[in-house]
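Got the viewer open? Here is a short tour, one selection at a time.

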Amino acid sequence: MSVTRIPAWNDAEEGDDEEPCSKNNSSRRNMKKYYKSAMHTLTTMLDFSILSSPSFFVLTCSGFLTLLGFFVPFLYLTEKAISMGMDRKIAVWLVSTIGLTNTFGRVICGWISSYESVDAIVLNNASLTFGGLYTVLLPFLPYSMVSYYLYASLFGFSMACFASLRSTMIVELTGLELLTNAFGVLLMFQGVAAAVGSPLLGKFIYVIKLYNKYAY
C-alpha cells in the first residue's frame with residue numbers, strides 16, 4: 001500500500017453519525033480520530049513486510065552500513081589532518097570542500113542517471129566503492145595537503161550519488177507504488193546507523209588516543 005497523503009480525521013472511522021454534544025467533547029472526539037488516522041498512516045509507511053524482498057533487503061543493509069561511516073569524515077577529517085601537521089586555518093576548509101563537491105555531485109549524478117543507458121544502481125555502487133576505497137587508502141598515503149584536499153573532493157562527489165539516487169533505486173527495485181513505504185523503512189535504518197556510527201568511532205578514538213590508520 002502506498003501512502004500519498006495524511007488522511008483526514010474522518011477517514012479513520014467513516015460512516016459514524018455524530019451525535020449532538022458539547023464543543024469540548026466534539027473537539028476531543030476529533031482529536032482521537034485524527035490520532036488514529038495518523039497512526040494508521042505511520043504504520044503503513046513503516047510496513048516491514050517490504051524487507052521480505054531480497055533486493056530491497058540488500059539495499060537496506062547497504063544503506064545501514066554506509067551511514068555508519070558516512071559522517072565520520074565530516075566530523076574527524078579536520079582533526080586527523082591537524083594531527084598530521086596541517087595548519088588549522090587550512091584544515092578547517094576540508095569539510096567545506098566535501099560540502100561543495102557534494103553539492104555539484106548531486107546535480108551531476110542526477111543528470112547522468114537520467115540517461116536510459118545508465119543504471120542508477122550500478123552508478124551508486126561504483127561511487128560508494130570508490131569513496132570507500134579512497135577512505136581506506138588515505139591513512140596509508142604519504143601526508144600532504146594536496147592528498148587530503150583531493151580526498152575531501154572525491155569523497156564529497158562520490159557520496160553525492162548515494163544521496164541523490166536513493167529514490168531512483170527504490171523505484172527500480174520495488175516499483176513506484178511502494179516508493180513511500182520503502183523510502184520510510186530505508187530512512188529509518190539509515191537514521192539509526194547515522195546516529196550511532198560517529199559516536200562509536202569517537203569512543204574508539206578516545207580509547208586508542210590517536211587518529212591513526214586503525215581508526216579509519
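The stops below go from the whole chain down to single residues and pairs.

**Whole chain.** Keep in mind that this is a predicted model. Start with a cartoon view of everything: the protein chain has nine helices and zero strands, so to speak a plain run of α-α-α-α-α-α-α-α-α along the sequence. Switch to a surface and you are looking at about 12800 Å² of accessible area, with 67% of that area belonging to carbon and sulfur atoms. Of the 216 residues, 33% count as buried. If you turn on contacts and keep those between residues at least 6 apart in sequence, 75% of them join residues at least 24 apart.

**The annotated spans.** Next, colour residues 56–78, 90–114, 120–141, 148–165 and 185–208, which an unreviewed UniProt entry lists under "transmembrane region". Two of these spans are worth a look on their own. Select 120–141: that stretch is 82% helix and 0% strand, and its end C-alpha atoms sit 31 Å apart. Then take 148–165, which is 94% helix and 0% strand, with 26 Å between the end C-alpha atoms.

**The disulfide.** How many disulfides does a search of the whole structure find? One. Select Cys109 and Cys161 and show sticks: their sulfur atoms are 2.0 Å apart. The pair ties together distant parts of the chain, since Cys109 belongs to helix H5 and Cys161 to helix H7 (residues 145–164), 52 residues apart. Measure the torsion about the S-S bond in your viewer and you should get about -45 degrees, so this disulfide is left-handed. Is the pair buried or exposed? Cys109 has 2% relative accessibility, and because the cut-off for buried is under 20%, Cys109 counts as buried. Cys161 is buried as well, with a relative accessible area of 2%. For another cysteine, click on Cys61, which is partly exposed at 33%.

**The nonpolar patch.** Stay with helix H5 and bring the surface back. Select Leu100, Phe104, Val107, Ile108, Trp111, Tyr115 and Phe157, which make a nonpolar surface patch of about 750 Å². Which helix gives the most to this patch? Helix H5 (residues 93–113) does, with five residues. One residue to zoom in on is Trp111, which lies in helix H5. Its relative accessible area is 53%, and Trp111 counts as exposed because the cut-off is over 50%.

**The salt bridge.** Now select Glu79 and Arg88 and show their side chains, which meet in a salt bridge at 3.8 Å, N to O. Side chains of opposite charge can pair when their charged atoms come close. A search of the whole structure finds one salt bridge. Neither partner is hidden away: Glu79 is partly exposed at 30% relative accessibility, and Arg88 is partly exposed too, with a relative accessible area of 48%.

**A loop stop.** Finish at Ser53, in the loop between helix H1 (23–45) and helix H2 (54–70). Ser53 is partly exposed, at 21% relative accessibility. Add Leu173 to the selection and draw a distance between the two C-alpha atoms: Ser53 and Leu173 are 120 residues apart along the chain, yet these atoms are separated by 8.9 Å.

Definitions and conventions
Residues numbered from 1 in each chain as written. Predicted model: local features only at pLDDT ≥ 70, side-chain atom pairs only at ≥ 80, totals over all residues. Heavy atoms only, no water. Helix = DSSP H or I, 4+ residues; strand = E, 2+ residues; numbered from the N terminus. Buried < 20%, exposed > 50% of the residue type's maximum accessible area, 1.4 Å probe, protein only. Contact = heavy atoms within 4.5 Å. Areas by Shrake-Rupley, 256 points an atom, 1.4 Å probe, with all protein chains shown as cover. Salt bridge = Lys/Arg side-chain N within 4 Å of Asp/Glu carboxyl O. UniProt positions renumbered as here; feature names shortened; annotations may be inferred. Patch = residues over 30% accessible without salt bridge, like charges linked within 9 Å, V, L, I, M, F, W, Y side chains within 5 Å. Disulfide = S-S within 2.5 Å.
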